Amino acid sequence: MIKTAARPLVIVAAFAASLLVGLIVMLSAFGGMRSVATPAAIGGPFQLTDQSGQIVTEKAMEGRPTLIFFGFTHCPDVCPTSLFEMSEILHAMGSDADRVNAYFISVDPERDTEAAMKDYLSSFDPHLKGLTGNPEVVAKVLSEYRVYAKKVPLKDGDYTMDHTALVYLMDRDGRFVAPFNLKRTPEEAAADLKKYL
């Protein structure tokens, strides 16, 4: 009677042991846990020009949290809405807004000259800096930040841009933290951003 009751436990133990041995063999065969790919880093070195003609590099992010939005000045709705929401957050931060970077990086450098960026950003919070550069330099930044951007022809011969539409939150060391949620009150978002000061 005792032997019959113990038999299922022996079978379960043997099955568990064989699974463990199989897992160890698989990990050995594939070089252990170290071979598991880590997520690609977001961000990297860049050298762009702001709307005032000043050179801005990734070094400007050191010591301050940074919000980055990629878009273009001919964007009909997503970009102006996002920049308005960022402006409201910066306004809600009061004097602490001076301790934050807020960048609008162009995905359309052909049209987004320094002058075009300056004119476009005049409608938003003055803390927002528009960054642009030549197409090759901008393409490198888009790659470093894993931003999708594609020119889409329109019927009238003009074009628009499909692009990633999220706000990147970078910490005081210039490392990506997470997408920053704009869909809340400016006061809530400002309080969240202040945690990174």
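**Close-up views of a predicted protein model**

Read along the sequence, the chain runs α-β-β-β-α-β-α-β-α-β-β-β-β-α. This is a predicted model, and the legends below walk through it one view at a time.

**Figure 1. The whole chain, with five helices and nine strands.** Let's begin with the overall picture. The protein chain has 197 residues, and 36% of them count as buried. Among the contacts with a separation of 6 or more, 70% link residues that are 24 or more positions apart. The chain offers an accessible surface of about 11,700 Å², and carbon and sulfur atoms make up 61% of that area.

**Figure 2. Strand β1 and its two antiparallel partners, β2 and β5.** Strand β1 covers residues 47–50, and three bridges join it to β2, residues 55–57. These two strands form a hairpin with four residues between them. Look in the turn for G53, which has a positive phi of about 90°. Strand β1 also pairs with β5, residues 128–132, over two bridges. T49 is a handy residue to find here: its bridge partner in β2 is I55, and in β5 T49 stands opposite T132.

**Figure 3. The hairpin of β6 and β7, with five residues between the strands.** Five bridges hold to the antiparallel sense in this pair. One place to see the pairing is V152, whose bridge partner in β7 is T160. Within the hairpin, G157 takes a positive phi near 95°. Which residues of β7 lie on its covered face, and which on its uncovered one? Along this strand, residues 159–163, the covered face carries Y159, M161 and H163, while T160 and D162 sit on the uncovered face. T160, the partner of V152, is therefore on the uncovered side of β7.

**Figure 4. The largest pocket, with about 160 Å³ of space.** The lining is made up of V107, D108, P109, E110, P135, V138, A139, L142, A149, K150, K151 and M161. Two elements give two or more residues each to this lining: α4 (135–144) and β6 (149–153). Which element gives the largest share of the lining? That is α4, with four residues. By class, the lining holds eight nonpolar and four charged residues, and no polar ones. M161 of the lining also appears in Figure 3, on the covered face of β7.

**Figure 5. R146, a residue with a positive phi that is not a glycine.** The phi of R146 is about 55°. Most residues other than glycine have a negative phi. R146 is found in the loop between α4 and β6. Is R146 buried or partly exposed? Its relative accessibility is 44%, so R146 counts as partly exposed.

**Figure 6. P80 in helix α2 and its contacts with C75, Y120 and F124.** The helix that holds P80 spans residues 78–92. With a relative accessible area of 23%, P80 is partly exposed; the buried class would need a value under 20%. Setting aside residues up to four places away in sequence, P80 touches C75, Y120 and F124. How far apart in sequence and in space are P80 and F124? In sequence they are 44 residues apart, and from C-alpha to C-alpha the distance is 8.9 Å.

**Figure 7. A178 in strand β9, in contact with V167, Y168 and L169.** Strand β9 runs over residues 176–180, and A178 has its place there. The relative accessible area of A178 is 26%, so this residue is partly exposed. The three contacts named in the title leave aside neighbours within four places in sequence. For one of them, Y168, the separation from A178 is ten residues in sequence and 6.3 Å in space, C-alpha to C-alpha.

**Figure 8. D192 in helix α5, touching F180 and R184.** Helix α5 covers residues 186–194, and D192 belongs to it. Why does D192 count as buried? Its relative accessibility is 17%, and buried means under 20%. Not counting residues up to four places away in sequence, D192 touches F180 and R184.

Conventions:
Residues numbered from 1 in each chain as written. Predicted model: local features only at pLDDT ≥ 70, side-chain atom pairs only at ≥ 80, totals over all residues. Heavy atoms only, no water. Buried < 20%, exposed > 50% of the residue type's maximum accessible area, 1.4 Å probe, protein only. Contact = heavy atoms within 4.5 Å. Areas by Shrake-Rupley, 256 points an atom, 1.4 Å probe, with all protein chains shown as cover. Pairing = 2+ DSSP bridges. 1 Å grid on protein atoms, 1.4 Å probe; cavity = no way out; pocket = protein on both sides within 12 Å on 5 of 7 lines; lining within 4 Å. Points joined across faces, edges and corners; volume = space filled by probe spheres on them. Nonpolar A, V, L, I, M, F, W, Y, C, P; charged D, E, K, R; others polar.
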